[in-house]
Amino acid sequence: SLFAARVFWYHLRKLPFQCGYSNKLRGGIHAHVLWLCLSGVATSSVSPGWEGRQTLEWVLIAISPLAFVAGVAIVWWRIHTMDRFLNRLHAEYEVSLLDNESASEFGDRKRGGGQGRSRNNEASAFMEGAQSVKSTFSAVDRPKSRSAYEAFFDTEWEVRRAFGTGGGAYVLCRRLLARRDEEDLPFLHFLVGKAIVEHPDCLDLLLFQLVVLRFIF
């Protein structure tokens, strides 16, 4: 029973398949197996001579399909929670884009002259005329890595981190990629960079970054 519960919990944490239906189906199967294990423990704990033993067994068997449905629902809730968290991070990403644009415009005005305006016009024409994903991807700034000084003296870093664990960040990046929306690629670039800044020792994130850089960007 403990092993079945651990496998189900591991499945909820990793969601190993890119297809949501596969994750839900496997989650239902794991929940069904977990229920069967708990039912076996319940029936084995009662006295063999108890008159209601057989009735209990039939009741547990009848409820087992509901365990499958519950497993599917739990996986759906997990995916829905991840999507809501991604939407919140996307709002943060849009704010960072506005800040970068404001800083860029301020720098151009401060430099003055035609050079700043020409560069701004060239950048605007480039962004408007770019149709490929790579051009959009290259225009997004990734979060900067922390220095050793910041890592030592920033005592509130654990509270301000968006991702509690590197594994959770990796699953969120995979979830965003599973949407298969090209408009999400700049946000994916930002998300992977933020995750690696917060968890630079996570091998799953580093491998994911190499894969997307090789086959997507």
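**Cavity, pocket and packing around helix α8**

Helix α8 is the top contributor to the lining of the largest cavity, putting in four residues. This is a predicted model, and the cavity in question holds about 90 Å³ of space. It's one of two cavities of 30 Å³ or more in the structure. Besides α8, helices α2 (20-45) and α3 also supply at least two residues each to the lining. Going through the wall residue by residue gives Leu15, Phe17, Gln18, Cys19, Gly20, Asn23, Ile79, Met82, Val171, Arg174, Arg175 and Ala178. Sorted by class, that's seven nonpolar, three polar and two charged residues.

Helix α8 turns up again at an open site. The second largest pocket comes in at about 370 Å³, and 19 residues line it. Leu12, Arg13, Arg78, Thr165 and Gly168 are the ones closest to its centre. Three helices each hand over at least two lining residues: α1 (2-14), α3 (53-111) and α8 (166-178). Here, though, α3 gives the most, with six residues. The class split for this lining is eleven nonpolar, five polar and three charged.

Next comes the packing of α8 with helix α9 (residues 185-198). The axes of these two helices sit 10 Å apart, at an angle of about 175°, which means that α8 runs roughly antiparallel to α9. On the α8 side, the contact is made by Ala169, Leu172, Cys173, Leu176 and Leu177. Helix α9 answers with Phe187, Leu188, Leu191, Val192 and Ala195. Tallying the contact by class is quick work: ten nonpolar residues, no polar ones and no charged ones.

Phe187 of α9, already met in the contact with α8, also has a part in the aromatic pairing. The structure holds four aromatic pairs, and one of them joins Phe187 to Tyr93. Their ring centres are 5.3 Å apart and the planes meet at 45°, so this pair counts as tilted. In sequence terms it's a link between distant parts of the chain, since Tyr93 belongs to helix α3 and Phe187 to helix α9, 94 residues apart.

Put together, α3 and α8 keep coming back. Both supply at least two residues to the lining of the largest cavity, and both do likewise for the second largest pocket. Helix α9, for its part, packs with α8 and carries the Phe187 ring that pairs with Tyr93 of α3.

How values were computed: Residues are numbered from 1 along each chain as its sequence is written. This is a predicted model: local features need pLDDT of at least 70, side-chain atom pairs count only at pLDDT 80 or more; totals for chains, interfaces and linings use all residues. Side-chain values use heavy atoms; hydrogens and water are left out. On a 1 Å grid over the protein atoms alone, a cavity is a set of points where a 1.4 Å probe fits but cannot get out, and a pocket is an open set with protein on both sides within 12 Å along at least five of seven lines; lining residues have an atom within 4 Å of a point. Grid points are joined across faces, edges and corners, and a volume is the space filled by probe spheres set on the points. Ala, Val, Leu, Ile, Met, Phe, Trp, Tyr, Cys and Pro count as nonpolar, Asp, Glu, Lys and Arg as charged, and the others, Gly among them, as polar. Axes are lines fitted to C-alpha atoms, for helices over the stretch in contact, and angles run from 0 to 180 degrees between N-to-C directions. Angles under 35 degrees count as roughly parallel, over 145 as roughly antiparallel, 65 to 115 as roughly perpendicular and the rest as oblique. Contact means heavy atoms within 4.5 Å. Rings of Phe, Tyr and Trp (its six-membered ring) pair if their centres lie within 6.5 Å; planes under 30 degrees apart count as stacked, over 60 as edge-to-face and the rest as tilted.
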